[in-house]
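Here are a few short exercises to work through with the structure open beside you. Try each task before you read its solution.

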Amino acid sequence: RLNNTVMLTDVGKEGEFVYDSTDTTSADNLGTILVTASGARYKRVFDKKVFVKWFKEPSGGTDTTASSAAITYAVDNSLICVFETGTYNVVGNLYNNASVSGDKDLYLEFVGKVKIALNSASQVDLALIVYGHNANSNVHIFGDSLEVDLNNECKGFIAVKNYGISGSTYVTDGGSCVINLSNLTILNTYADDTTDNS
């Protein structure tokens, strides 16, 4: 017999999970869905906001994987993805989805003093956050403070673009990007002498 409710007490991942007997297919994402060895699915009880720390692997894992998983889940479910106080070390893009289908908005909230540090790897040559859509999608970034160190790997902080092209015209064209941060610092952007004609 399975417990209907379990409480997770791991630091940073605390919360209540409820057994869902109707779900036999959802994958374990470490943050909002946990799958037991017997295949039972437990769903986190929460409201409107998902936290990046929920998605980090118990063994440590990478902030890159956790951030991308949290943002993707938030976009797919119309939720707010929250980065709390701390340093998030990422390799490559923090989030890169150049083909979001439908009216799916991206909401990012930064609480407290958050630093995103891009570790040196291969040249990203894009923005830290890339959000491409084919509908009337909007990006909202808000919070207290954010410092982004691009480590000369990215050309900028965020790129929002429409990819819905049929022939030479856009299928749809809409959306906006609103950044409302009380303090935003962007360090070490990557620049080159070539012209980007894309």
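**Exercise 1. Count the disulfides in the whole structure, then say whether Cys81 is buried or exposed.**

Step 1: a disulfide is a pair of cysteine sulfur atoms within 2.5 Å. Searching the whole structure with that rule gives 0 disulfides.

Step 2: sort residues by relative accessible area (buried is under 20%, exposed over 50%, partly exposed in between, with a 1.4 Å probe and protein chains only). Cys81 has a relative accessible area of 0%, so Cys81 is buried. Cys177 has 37% relative accessibility and therefore counts as partly exposed.

Before going on, please note that this is a predicted model, in which local features need pLDDT of at least 70, side-chain atom pairs count only at pLDDT 80 or more, and totals for chains, interfaces and linings use all residues. Residues are numbered from 1 along each chain as its sequence is written, and side-chain values use heavy atoms, leaving out hydrogens and water.

**Exercise 2. Find out how confident the predictor is in the protein chain.**

Step 1: pLDDT is the predictor's confidence in each residue, from 0 to 100. Its mean over the protein chain is 83, and 81% of the residues reach 70 or more.

Step 2: look at the elements, where helices (H or I, at least four residues) and strands (E, at least two) are DSSP runs numbered from the N terminus. Strand E5 (residues 49–51) has the highest mean pLDDT, 97, and strand E14 (residues 169–170) the lowest, 48.

**Exercise 3. How many aromatic pairs are there?**

Step 1: rings of Phe, Tyr and Trp (its six-membered ring) pair if their centres lie within 6.5 Å; planes under 30 degrees apart are stacked, over 60 edge-to-face and the rest tilted. This rule gives 7 aromatic pairs.

Step 2: take Phe46 and Trp54, whose ring centres are 5.5 Å apart with planes at 70°, so this pair is edge-to-face. Phe46 is partly exposed at 27% relative accessibility, whereas Trp54 is buried at 7%.

Step 3: Phe83 and Tyr88 also make an edge-to-face pair, 5.0 Å centre to centre with 75° between the planes. Phe83 is buried at 0% relative accessibility, and Tyr88 is buried at 9%.

Step 4: Phe46, Phe51 and Trp54 form one aromatic cluster.

**Exercise 4. Place Ile186 in its strand and describe its exposure.**

Step 1: Ile186 belongs to strand E16 (residues 184–187).

Step 2: the relative accessibility of Ile186 is 36%, so Ile186 counts as partly exposed.
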